[in-house]
Amino acid sequence: MSGHGEPTPMTAHAAGPLTGVAEVPGDKSVSHRALIFGAMAVGETRIEGLLEGQDVLDTGRAMAALGAEVVRHGPGAWSVHGVGVGGFSEPEDVIDCGNSGTGVRLLMGAVATHDMAVTFTGDASLRSRPMARVTDPLALFGTRAVGRAGGRLPLTMVGAADPVPVDYATPVPSAQVKSAVLLAGLNAPGQTVVTEAEPTRDHTERMLRGFGAEVRVEPAGQGRRIVLTGRPELRPQTIAVPRDPSSAAFPVCAALIVPGSDVLVPGIGLNPTRAGLYQTLRDMGADLAYENAREEGGEPVADLRARFSPDMRGIEVPAERAASMIDEYPVLSVVAAHAAGETHMPGTAELRVKESDRIDAMAAGLRACGVEVADGSDWWTVTGRGPGGVPGGATVAARLDHRIAMSFLVLGMAARARVTVDDAGPIATSFPIFADLMGGLGATLEAVA
Ligand code: S3P
């Protein structure tokens with residue numbers, strides 16, 4: 001839903017080591033897709049381990065507004081009675097996607113090839129984000145979209161009554177754009193083709209295949225070409241959602257920088273299109289080990305063990321790794337602040353159009369906490385102060401961005417003086433149990449009255 005009421009400041013300060021098992025919630029990307037594809041199959045899809053964060057709940061509500069039956073049976077246990085490809089009905093009211101770029105962009109794709117009008121909106125963060133990257137390719141199917149300046153929300157999409165298939169090369173590395181085009185292609189005749197210059201997360205392709213669609217993926221230069229045959233009959237599935245590697249990043253990175261820590265994060269998704277952070281941390285000298293690697297529900301998973309790592313060094317993070325760790329740069333910059341030397345992060349222009357301008361938000365907060373940061377339009381560099389060397393002692397702005405809020409709380413767990421975020425409310429969009437989980441490991445997080 002748009003907005004989340006009064007700001008709720010929260011503070012973190014250094015305490016004892018973090019130890020124990022961190023059971024992080026289900027993967028946000030997989031959860032959105034499980035609800036959407038479930039709604040486009042004929043019959044009942046069962047989902048276990050669904051992330052019950054606000055972003056995903058908003059997508060569930062949207063599916064119900066489009067005609068699917070979405071039922072919660074218990075914690076993380078949901079079912080979706082789908083209406084079949086092409087079966088959505090026109091919603092009676094505006095669809096409010098709250099804070100979720102993934103939610104709104106995937107939904108625009110899903111409705112684009114239905115003969116109906118749908119109006120989308122969201123919170124102040126989402127209303128400031130670019131949507132032309134999705135409405136432009138959707139126009140090729142015959143869709144019309146009318147939004148505010150720059151294609152921003154609120155926006156009304158008039159779906160194509162007689163869609164044609166599309167062959168589209170994504171101009172930015174974005175799984176949301178790729179997925180929106182593939183979702184629209186589901187209800188177009190013939191073959192819809194998406195080419196991406198660098199591989200982005202492939203949950204859509206994997207899940208579409210699981211639901212019985214014909215999806216061919218071919219290498220294309222450094223990237224991939226995805227060919228989807230339209231108008232399949234999607235068969236309902238039972239989906240076990242892996243734990244979210246992007247959420248796991250917070251307890252893992254906290255363990256690396258808080259002296260004496262030893263944390264196990266069981267069952268996290270390690271799809272190679274998502275695992276860039278963990279490779280980067282190892283390259284920096286982090287004590288990280290994968291245990292018990294296995295496959296669950298079409299996605300690779302493993303248990304990840306992280307121990308305090310006092311000897312981490314700054315590195316040059318390869319630009320071509322950016323897509324596989326795009327959501328993890330904020331918390332990586334916190335680790336970089338505790339490492340020795342510079343960490344340079346090129347190829348990160350997309351960070352400027354996330355829930356906030358994440359380079360700017362992190363640079364401002366890190367500087368306020370005594371860490372040197374340099375930045376340009378598509379790069380940033382953090383000069384590490386070594387273990388125990390970050391002064392902290394500031395109140396920083398979360399800018400309606402869950403990952404900025406959590407990153408600065410992690411910073412506060414290892415800084416010399418406490419760090420306060422002005423609003424921890426957005427954390428509920430992706431990791432509603434963050435404060436309890438970190439507290440259970442030994443962190444000291446306090447709501448500020
Ligand atoms: C997501 C794709 C990424 C990521 C977001 C989730 C997805 O966005 O930042 O949190 O589930 O497809 P982009 O596609 O804009 O890179």
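This note goes through selected features of the structure, point by point.

1. **Basis.** This is a predicted model, in which local features need pLDDT of at least 70 and side-chain atom pairs count only at pLDDT 80 or more, while totals for chains, interfaces and linings use all residues. Residues are numbered from 1 along each chain as its sequence is written, and side-chain values use heavy atoms, with hydrogens and water left out.

2. **Helix H1, length.** Helices (H or I, at least four residues) and strands (E, at least two) are DSSP runs, numbered from the N terminus. H1 covers residues 28–39. The expected span of a helix is 1.5 Å times one less than its number of residues. For the twelve residues of H1 that gives 16 Å, and the end C-alpha atoms are 17 Å apart, which agrees.

3. **Helix H1, burial.** Buried means under 20% relative accessible area, exposed over 50%, and partly exposed in between (1.4 Å probe, protein chains only). Twelve of the twelve residues of H1 are buried. Among them are the charged-type names Lys 28 and Arg 33, as well as Leu 35, Ile 36 and Phe 37.

4. **Helix H1, start.** Asp 27 sits at the start of H1. One of its side-chain oxygens reaches to within 2.9 Å of the backbone nitrogen of Ser 29.

5. **Salt bridges, overall.** Side chains of opposite charge can pair when their charged atoms come close. A salt bridge here is a side-chain nitrogen of Lys or Arg within 4 Å of a carboxyl oxygen of Asp or Glu. The count comes to 31 salt bridges.

6. **Glu 52 and Arg 72.** These two form a salt bridge, with the closest N and O atoms 2.8 Å apart. The pair links distant parts of the chain, 20 residues apart. Glu 52 is in the loop between strand E3 (42–48) and helix H2 (54–65), and Arg 72 is in strand E4 (residues 69–74). Glu 52 is partly exposed at 25% relative accessibility. Arg 72 is partly exposed too, at 45%.

7. **Asp 327 and Arg 201.** Their side chains meet in a salt bridge at 3.4 Å, N to O. Asp 327 lies in the loop between strand E17 (299–307) and helix H10 (329–338), and Arg 201 in the loop between strand E11 (191–196) and helix H7 (203–210), so the pair ties together parts 126 residues apart in sequence. Asp 327 is buried, with a relative accessible area of 12%. Arg 201 is buried as well, at 10%.

8. **A network.** Asp 327 and Arg 201 also belong to a network of salt bridges. Its other members are Arg 129, Glu 355, Arg 358, Asp 401 and Arg 403.

9. **Arg 367 and Asp 375.** This salt bridge has an N to O distance of 3.2 Å. Arg 367 is partly exposed at 40% relative accessibility. Asp 375 is partly exposed at 28%.

10. **Helices H5 and H6.** Axes are lines fitted to C-alpha atoms, for helices over the stretch in contact, and angles run from 0 to 180 degrees between N-to-C directions. The axes of H5 (residues 132–139) and H6 (residues 175–186) come within 9 Å and cross at roughly 30°. Angles under 35 degrees count as roughly parallel, over 145 as roughly antiparallel, 65 to 115 as roughly perpendicular and the rest as oblique. H5 and H6 are therefore roughly parallel.

11. **Helices H8 and H12.** H8 (residues 245–257) and H12 (residues 402–414) have axes that come within 9 Å and cross at roughly 15°. That makes H8 roughly parallel to H12.

12. **Tyr 290.** This residue is in strand E16 (residues 287–296). Tyr 290 is partly exposed, at 32% relative accessibility. Its C-alpha atom is 5.7 Å from that of Asp 303, 13 residues apart along the chain.

13. **Backbone points to check.** Most residues other than glycine have a negative phi, and most peptide bonds are trans. The peptide bond from Leu 153 to Pro 154 is cis, with omega near -5°. Pro 154 is in strand E9 (residues 152–158). Arg 399 has a positive phi, near 55°, and Leu 400 has a positive phi of about 55°. Arg 399 is in the loop between strand E21 (395–396) and H12, and Leu 400 is in the loop between E21 and H12. Arg 399 is partly exposed at 34%, and Leu 400 at 26%.

Notes:
A polar contact is a pair of N or O atoms within 3.5 Å; within protein, one must be able to donate a hydrogen and the other to accept it, and residues adjacent in sequence count only if both atoms are side-chain atoms.
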